[in-house]
Amino acid sequence: MLLQAEDIGMYFGGFRAVDGASLTINQGEIIGLIGPNGAGKSTFFNCLVGDLKPSKGRVLFDGHDVTNASPEEHAKLGIGRTFQLPATFEELTILENVMVGAFLRHPRVKDARESAQRVLDLTGLTALADQKAKSLGTPGRKRLEIARVLATEPKLMLLDEALAGLTPSEVQLAIELVRQIHQSGITLVIVEHIMEVILSLTDRVLVFNQGKVIASGAPTDVVNDPAVIEAYLGRSLNKKREQNT
Amino acid sequence: MMRRSGWIALALVLVLFPLSFDNPYYEQLGSLVLLAAISASAWNLIGGYAGQVSVGNAVFFGAGAYMPLLFYKLWEVSPLYGFPAGIAVSVAIAIVIGIPTFRLSGHYFSMATIAVAELIRIVVSNWDFVGASIGLTGPAVARDWTDLVFRSSIPYYYMFLTVLTVLLVMTYCIERSRFGYYLRALRSGERAARSLGVPVSRCKLYIFILSAVFTSLAGSLYAIKFGFADPASGFGILVSVNMVIVAALGGAGRLLGPLLGAVILIPLQSETNTLFGGGGTGFTYILYGGIIMLIARFEPGGLLELWERIRDRRASRRAVALKEALAASLPNSQAGR
Amino acid sequence: MVLMQVIVAGLLIGAVYALFSSGLTLVWGMMNVINFAHGEFVMLGMYVSFWAFTLLHFGVASFSLAAAVMLFILGVLVYICLIKRVMRGPMLAQILSTFGLVLVLRYSAFWAFGSTFVSLPEDILGPSLNVGGILLSAPKLVAGCVALAITIGMHLLLTRTMLGSQILAVAENRNAAMLMGIRPDRMQAIAWGLSGASAGIAGALIATFFPISATVGESLGLIAFVVVTFGGFGSVPGAMLAGLIIGLIESLSAFYFGPIYQDVFVYALFVLVLWIRPRGLMGKA
Amino acid sequence: MKIFKKLATAAALSASLLVAPQAYAAPDVKIGVTFPLSGNSGNAGKSAVAAIEVAAEIINKPHPGLESLPLGAGVGLPNLGGAKIKLVIADHQGSPSEGQAQTLRLITQEKVAGMVGAYQSAVALTATAIAERYGVPFIVGDGVAANITERGFKWTFRTTPIASDFANAYMEFLGELKKAGHPGDKVAIVFENTDYGVSVSGTIREIAKKRGVNIVADIAYSANGADVSAQVLQLKEKKPDAIIFISYTSDAILYMKTLKSLDYRPQLIIGDNSGFSDPAFIKAVGELAEGAINRSAWSIGAKDSVTWRINELFKAKTGQDMDDTSGRDMQAFFVLAEAINRAGSTKPEAIQTALQKTDLKANQLMMGYNGVKFDAKGQNVLASAYLIQLINSQYVSIWPATAAEKPLVYPFKGWK
């Protein structure tokens with residue numbers, strides 16, 4: 001058991017964005033978080049990575065209580081995250097972006113550069129290493145974000161809609177990348193809208209609605225769960241099935 | 001960013017400048033340029049590299065300027081003894097400002113620095129112990145060399161040049177260290193930097209302290225050069241603003257930006273004053289303000305960035321083809337542009 | 001009795017502070033740009049009034065209006081020529097640009113109007129009112145009422161009118177507003193215009209009791225920042241309240257501890273607010 | 001560096017245009033003049049420069065009726081073969097460092113024989129330090145801060161009366177009032193807290209103590225504030241017999257307006273020059289300040305008198321009457337010129353010696369000093385001031401009796 005979130009609640013004034021959600025992640029899993037907009041999955045996500053301090057419940061990671069730990073501490077312990085809207089360091093080159101992550105484990109510049117270069121090779125960014133991040137498009141940025149997190153050598157990596165806004169072909173490339181990362185032994189949590197991704201990647205999904213987890217289990221079971229269909233997937237998925245068959 | 005030959009040339013110019021002609025006015029001008037370059041480079045650490053726009057660095061300048069003169073006033077000792085005292089005070093103030101405000105983002109830091117600077121200026125200008133609004137004066141004629149009172153500006157020039165060199169070398173090392181990368185990272189995105197394990201608040205505090213130390217040093221040098229400091233020339237808001245302007249003109253967050261800015265602005269100031277001063281229209285200030293607005297409006301990166309862009313544009317023709325080839329390796333990497 | 005008079009004096013000058021701060025808090029809150037040249041706007045408002053009075057023999061009401069119009073135009077121009085572009089640049093550029101503006105405006109005025117102090121006739125608004133032994137200086141009383149009116153007016157404008165809600169929408173989320181078919185640039189230009197206009201009126205009314213010079217913005221400028229920070233960026237009512245409180249603190253501290261301490265108290269308060277309650281009295285969290 | 005040289009020569013040219021270039025005769029004698037020509041005190045600085053320019057014209061060209069002044073004949077400097085005086089003017093913007101830089105430039109670039117300046121005491125302090133290092137005489141015409149001549153400088157001379165002179169004048173004046181049966185031993189001091197106000201008020205405090213006058217209110221305030229109601233209310237409560245204001249123009253105007261709006265009419269108001277002498281002050285609140293007393297060493301005097309003629313020349317140049325500050329700077333310049341002429345050379349040492357030997361009688365001056373004679377510190381020991389009163393928006397001298405044009409009007413009238 002790598003991460004355990006017990007009965008997390010996040011309240012903004014009277015509004016309960018997340019209301020008693022729990023999640024246990026085992027080493028080597030890929031977990032999907034899905035749900036309609038405003039269901040609270042992003043809030044929950046931010047509670048896990050230390051951007052928000054939950055109003056209720058606690059988060060254990062690798063035996064440490066990280067409920068109130070800062071984002072920095074999360075990173076140190078090995079929790080990496082990407083941002084929904086890519087937050088790359090525009091003025092830095094792609095290599096430097098990744099080096100910032102690499103410094104976490106390699107204080108010396110030389111070592112950091114080497115490990116960053118390894119990550120660039122893995123993520124296929126080597127060719128662009130010396131370009132400024134601002135020269136990249138959305139797909140490039142998302143890829144760079146993943147690379148940056150990889151460079152921090154995390155145990156657990158949380159991807160916040162890392163594939164949103166990509167063309168199908170780009171999505172395929174990205175999915176391969178995620179698979180590679182998973183094979184390299186990193187546990188993954190993916191917040192996603194695109195069903196293909198969830199279905200093709202994850203071992204287990206949590207479905208959020210109105211701040212609560214309304215279903216969890218293997219993707220195939222979940223998508224058949226009437227409550228889920230009712231709440232969220234609805235006809236759109238049935239259509240997909242028909243197409244698939 | 002600069003070839004070795006370039007560095008050597010720059011060094012030679014700086015070292016030989018005062019010797020190249022026997023003219024006290026230009027020697028004075030040269031030393032003023034260096035002094036401005038020191039305080040602007042010190043500001044550059046926090047304002048340029050860390051992107052935290054301090055509009056109150058005058059606090060450190062003032063502390064640095066007052067301490068040596070205060071020591072002289074109290075115990076008639078060489079102003080030199082005041083240098084460390086000024087630095088100590090400045091560091092203390094930096095911590096007091098930094099710890100609470102670096103939690104906040106946006107303009108809070110800028111406003112806090114202004115507020116503290118004004119507060120201290122007002123206190124100083126009403127506190128007889130530090131000469132109140134009349135300020136403090138140092139020895140006018142040297143009792144011995146340790147008073148650092150020289151008739152010619154040349155000794156000051158080389159004193160300043162030494163300090164500037166130390167500061168720039170240190171900055172150069174920071175630029176290339178992990179600390180330097182962290183600063184640039186937090187400048188372009190604090191939240192992202194945090195998520196990668198960058199201790200943002202601590203980095204800001206450290207660089208602010210460093211900035212305070214050298215700003216204070218600049219103040220002490222000012223004090224011995226002019227043998228005088230009063231609330232306006234030490235803690236006045238214009239003192240802070242000048243640092244910002246000089247650095248920004250040359251290029252904030254760049255090693256040589258402040259020096260370039262000083263080389264342009266200081267002679268400009270003094271020569272326009274020489275030319276138009278007699279008329280007494282304050283034309284100097286209008287020109288000054290105009291330059292600042294133009295920089296902010298068209299070239300926020302400063303002249304160095306402008307120069308680099310021009311240079312790159314020349315190079316780009318060749319680069320384009322290559323770039324396309326590279327882009328191919330990452331499908332649609334330009335999509336969404 | 002004397003205490004009463006001291007308090008009243010404090011509240012009156014406080015109202016004046018509120019008057020010239022309301023414009024600053026508007027642009028600061030709307031687009032998070034600090035306009036360091038706001039004091040210079042007020043200064044120009046004073047000169048417009050003076051010249052409108054001496055050359056065109058305008059009355060107080062009409063030269064206030066003239067100042068408002070002129071400064072509205074200036075505000076819009078400054079936005080279009082300078083801020084519009086700078087806003088999207090680094091924070092350094094924003095701060096620099098308005099500092100540059102300060103120097104240009106202040107010393108252009110210095111060059112154009114000279115360094116001699118000029119004043120409007122001191123009785124232009126008549127003698128002080130005597131309310132049960134408490135004397136109310138007419139100019140400040142008027143300034144106070146206008147400050148109140150402007151505060152309320154601006155508040156209503158922002159909260160009750162189409163224009164206001166559009167301005168706020170842009171402040172909230174530029175892109176979303178654009179999708180809703182609002183023109184952000186126009187809205188923000190208007191916001192700057194309004195800010196200028198209120199500075200103009202402030203200048204006009206201050207000119208009725210304060211000597212006019214090119215450097216007057218220097219002394220009035222900083223206090224506006226204290227007021228705005230204290231009141232909460234973007235909160236017009238906050239500025240009003242803060243202005244009154246600061247006026248009161250100044251007056252009382254000046255009376256009981258001596259004038260030189262009033263600034264100490266005010267800036268100490270400023271620092272305190274920044275640290276303890278950065279969002280100010282009425283600022284949004 | 002070439003560009004600098006160009007600019008510098010350009011500057012020299014623009015300066016040389018200030019005085020018609022002499023085609024023949026002995027080489028001009030350059031005198032450096034530095035004042036704040038921009039910034040808050042730009043106005044005072046400009047008028048001081050204008051006064052000095054008038055003085056230079058008086059020395060360089062004959063002006064009928066001024067012969068009684070030394071060098072008043074208008075034939076330049078006779079002992080230097082009739083050399084004309086050439087002014088080199090620099091703006092120090094009221095900044096101590098700029099003052100030092102400009103002084104250095106005038107001394108090293110323009111090779112001036114002597115310096116006159118500098119309005120702000122803060123600037124006088126740094127500028128004279130440079131003159132001291134380079135061994136060039138610097139005459140301070142107006143700075144009143146004591147420490148300017150307390151530093152044992154050999155090259156700094158000050159012609160103006162300093163705080164102690166005024167303070168004595170005020171106290172003697174109040175003493176005479178008491179003899180005349182008016183109350184005069186409860187005094188309030190209101191002063192702006194920069195070097196000017198602080199040093200003057202400090203001296204007044206000392207001397208008042210010595211003379212057993214008790215100070216019932218001692219109010220320091222920071223200049224250019226937005227409101228002075230609290231101060232006025234404080235005064236209103238303390239009810240002093242006389243209030244001494246040491247204020248710049250903006251505050252002086254504000255005080256008068258606030259006195260009226262809070263309906264407080266003090267027995268006696270003494271304004272210590274500066275703000276109260278500014279023509280803008282009289283224009284703005286002349287009617288409210290009717291009967292205010294001010295100190296001055298300058299009075300225009302009767303028609304066709306030397307001072308009247310000088311004022312006419314000044315008026316022709318600037319369109320307004322000359323004020324005390326400009327007058328004192330003009331006097332300083334005359335003293336320097338006279339010394340250079342006596343020295344018969346532009347060698348600094350010679351001029352220094354001449355200055356030390358200076359001994360001008362009252363009738364050789366255009367200011368109302370008892371004479372000019374420097375002590376070892378370089379302070380003029382014969383400097384003095386008289387008191388003037390604002391009657392019908394015009395200042396006329398009322399004290400001491402010897403110099404009085406009109407009798408004192410008591411008490412302070414103020415507004416109708």
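Domain bounds here come from an automatic or database domain assignment. With that in mind, welcome to this predicted model, and let us begin with chain D. Its assignment gives domain 1, covering 2–161 + 302–372, and domain 2, covering 163–296 + 386–403. Taken over C-alpha atoms, the centres of domain 1 of chain D and domain 2 of chain D are 30 Å apart.

How do these two parts of chain D meet? The contact involves 11 residues of domain 1 of chain D and 13 residues of domain 2 of chain D. On the domain 1 side, the elements that give two or more residues are α4 (121–134) and α12 (324–343) of chain D. That side of domain 1 of chain D, where it touches domain 2 of chain D, holds five nonpolar, four polar and two charged residues.

Chain B can be read in the same spirit. Its two domains are domain 1 (23–295) and domain 2 (301–337), and the C-alpha centres of domain 1 of chain B and domain 2 of chain B are separated by 36 Å. Where they touch, domain 1 of chain B contributes 10 residues and domain 2 of chain B contributes five residues. Both α11 (237–250) and α12 (257–276) of chain B supply at least two residues to the domain 1 side of this contact. The largest share of that side, three residues, belongs to α11(B). By class, the side of domain 1 of chain B that touches domain 2 of chain B splits into six nonpolar, three polar and one charged.

Now step from contacts inside a chain to one between chains. Here 36 residues of chain C are in contact with 37 residues of chain B. On the chain C side, at least two residues come from each of α3 (60–86), α4 (91–113), α9 (216–231) and α11 (260–276) of chain C. Of these helices, α4(C) provides the largest share of the side that touches chain B, with 16 residues. The side of chain C that touches chain B has 28 nonpolar, six polar and two charged residues.

Nonpolar residues also lead us to the interior. In soluble globular proteins, nonpolar side chains tend to be buried together. The largest nonpolar core in this model has 450 residues, and those touching the most other members are B:I38, C:L19, C:L96, C:V227 and D:I52. Helix α9 (residues 200–226) of chain B gives the most to this core, 18 residues. For a close look at one member, take D:I52: leaving aside residues up to four places away in sequence, D:I52 touches D:V33, D:L87, D:V116, D:D329, D:M330 and D:F333.

Our last stop is chain A. Is strand β7 (residues 156–160) of chain A enclosed or open? Five of its five residues are buried, so strand β7 of chain A is largely enclosed by the rest of the structure. In a regular strand the side chains alternate between the two faces of the sheet. In β7(A), A:L156, A:L158 and A:D160 point one way while A:M157 and A:L159 point the other way, and all are buried. Strand β6 (residues 79–81) of chain A pairs with β7(A) in the parallel sense over three bridges, and A:I79 stands opposite A:L156. Strand β8 (residues 187–191) of chain A also runs parallel to β7(A), joined to it by five bridges. In β8(A), A:T187 is the bridge partner of A:L156. Together, β7(A), helix α6 (residues 168–183) of chain A and β8(A) form a right-handed β-α-β unit.

Key. Residues are numbered from 1 along each chain as its sequence is written. Chains are lettered from A and ligands numbered from 1 in the order in which they are written. This is a predicted model: local features need pLDDT of at least 70, side-chain atom pairs count only at pLDDT 80 or more; totals for chains, interfaces and linings use all residues. Two residues are in contact if their C-beta atoms, placed from the backbone, lie within 7 Å. Helices (H or I, at least four residues) and strands (E, at least two) are DSSP runs, numbered from the N terminus. Ala, Val, Leu, Ile, Met, Phe, Trp, Tyr, Cys and Pro count as nonpolar, Asp, Glu, Lys and Arg as charged, and the others, Gly among them, as polar. A residue is buried if 20 or more other C-beta atoms lie within 10 Å of its own, exposed if 12 or fewer, and partly exposed in between; C-beta atoms are placed from the backbone. Two strands pair if DSSP finds at least two bridges between them. A crossover is right-handed if, with the strands pointing away from the viewer, the path from the first strand over the helix to the second runs clockwise. A nonpolar core is a set of buried Ala, Val, Leu, Ile, Met, Phe, Trp, Tyr and Cys residues joined through C-beta atoms within 7 Å.
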